[in-house]
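Okay, thanks for coming, everyone. I'd like to walk you through one structure today, so have a look at the screen.

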Amino acid sequence: MATQPEPPIKGSWEELLETAVSLSANYNDEAIEIYRKLATRLRKMPAARRHAADNRLQTIYLRSATGLLEMSLMREQYDEALEILDLLIDESDGEERRSWQAMRRTALVQSGQPDVTLTELREIAEGPE
């Protein structure tokens, strides 16, 4: 018989994230401030602390940042979305990093900056010197 997971502790990082996810599922802008609060506070923590305990806080940080990214793109708040994407690119490597970079180029085009995207693509095509 499977047991139900314990509900998050009131006021915990997990509860705040759960609240933001629930609000964003209903396109409620209140989620934006919660995601922003979580992402900002967790980003300021030392990486070692975020990665402790099986990456508990790092996972919450990344879920908060991606939630904020989704809400920003949906609301066409491209400056904030691009800032978040830059942070996610810095936090990742390999295929995940390439995916965030591709999303960044898409956001640049959506924000009316296709010239920046073309410049970046040319740099990628030319490769390291």
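I'll go through salt bridges, then surface patches, then some backbone angles.

Before anything else, please keep in mind that this is a predicted model.

Right, salt bridges. How many are there? The count comes to 8. I'll pick out a few.

Start with helix α2, which covers residues 30-44. Glu33 and Arg36 both sit in that helix, 3 residues apart, so about one turn along. Their side chains meet in a salt bridge, with N to O at 2.3 Å. As for how open that spot is, Arg36 is partly exposed, at a relative accessible area of 26%. This pair also has company: salt bridges with shared partners link Glu33, Arg36 and Glu80 into one network.

Next, a pair that reaches between helices. Arg50 and Glu91 form a salt bridge through their side chains, at 2.8 Å from N to O. Which parts does the pair tie together? Arg50 belongs to helix α3, residues 47-74, and Glu91 to helix α4, residues 78-91, so the bridge connects parts that are 41 residues apart in sequence. Now, is Arg50 buried or exposed? Arg50 counts as buried, because its relative accessibility is 3% and the cut-off for buried is under 20%. Its partner Glu91 is partly exposed, with 31% relative accessible area.

One further bridge, in helix α5, residues 94-110. Here the side chains of Glu95 and Arg98 meet, at 3.3 Å from N to O. Glu95 and Arg98 are 3 residues apart in that helix, which puts about one helical turn between them. Glu95 counts as exposed, at 54% relative accessibility, while Arg98 comes out as partly exposed, at 46%.

On to the surface patches. There's a positive one made by Lys37, Arg41, Arg43 and Lys44. Take Lys44 as an example: Lys44 lies in helix α2, and with 70% relative accessibility Lys44 counts as exposed.

There's a nonpolar patch too. Which residues make it? Leu118, Leu121 and Ile124 do, and the patch is about 270 Å². Leu118 has its place in helix α6 and is partly exposed, with a relative accessible area of 43%.

While we're on α6, let's check its length. Helix α6 has 13 residues, 114-126, and at 1.5 Å a residue they should span 18 Å. The end C-alpha atoms are 18 Å apart, which agrees. What follows α6? Gly127 does, and its phi is positive, near 75°.

Last topic: positive phi in residues that aren't glycine. Ala53 is one of these, with phi near 55°. Ala53 is placed in helix α3, and at 61% relative accessibility Ala53 counts as exposed. Asp54 also has a positive phi without being a glycine, at about 65°. Asp54 is found in helix α3 as well. Is Asp54 buried or exposed? Asp54 counts as exposed, because its relative accessibility is 78% and exposed means over 50%.

To recap, the pair to look up on screen is Arg50 with Glu91, since that bridge ties helix α3 to helix α4. After that, find the positive patch with Lys37, Arg41, Arg43 and Lys44, then the nonpolar one with Leu118, Leu121 and Ile124. Okay, that's me done. Thanks, everyone.

Definitions and conventions
Residues numbered from 1 in each chain as written. Predicted model: local features only at pLDDT ≥ 70, side-chain atom pairs only at ≥ 80, totals over all residues. Heavy atoms only, no water. Salt bridge = Lys/Arg side-chain N within 4 Å of Asp/Glu carboxyl O. Helix = DSSP H or I, 4+ residues; strand = E, 2+ residues; numbered from the N terminus. Buried < 20%, exposed > 50% of the residue type's maximum accessible area, 1.4 Å probe, protein only. Expected span 1.5 Å × (residues − 1). Patch = residues over 30% accessible without salt bridge, like charges linked within 9 Å, V, L, I, M, F, W, Y side chains within 5 Å. Areas by Shrake-Rupley, 256 points an atom, 1.4 Å probe, with all protein chains shown as cover. Lys, Arg positive; Asp, Glu negative; His and termini not counted. Charge placed at Lys NZ, Arg CZ, Asp CG, Glu CD.
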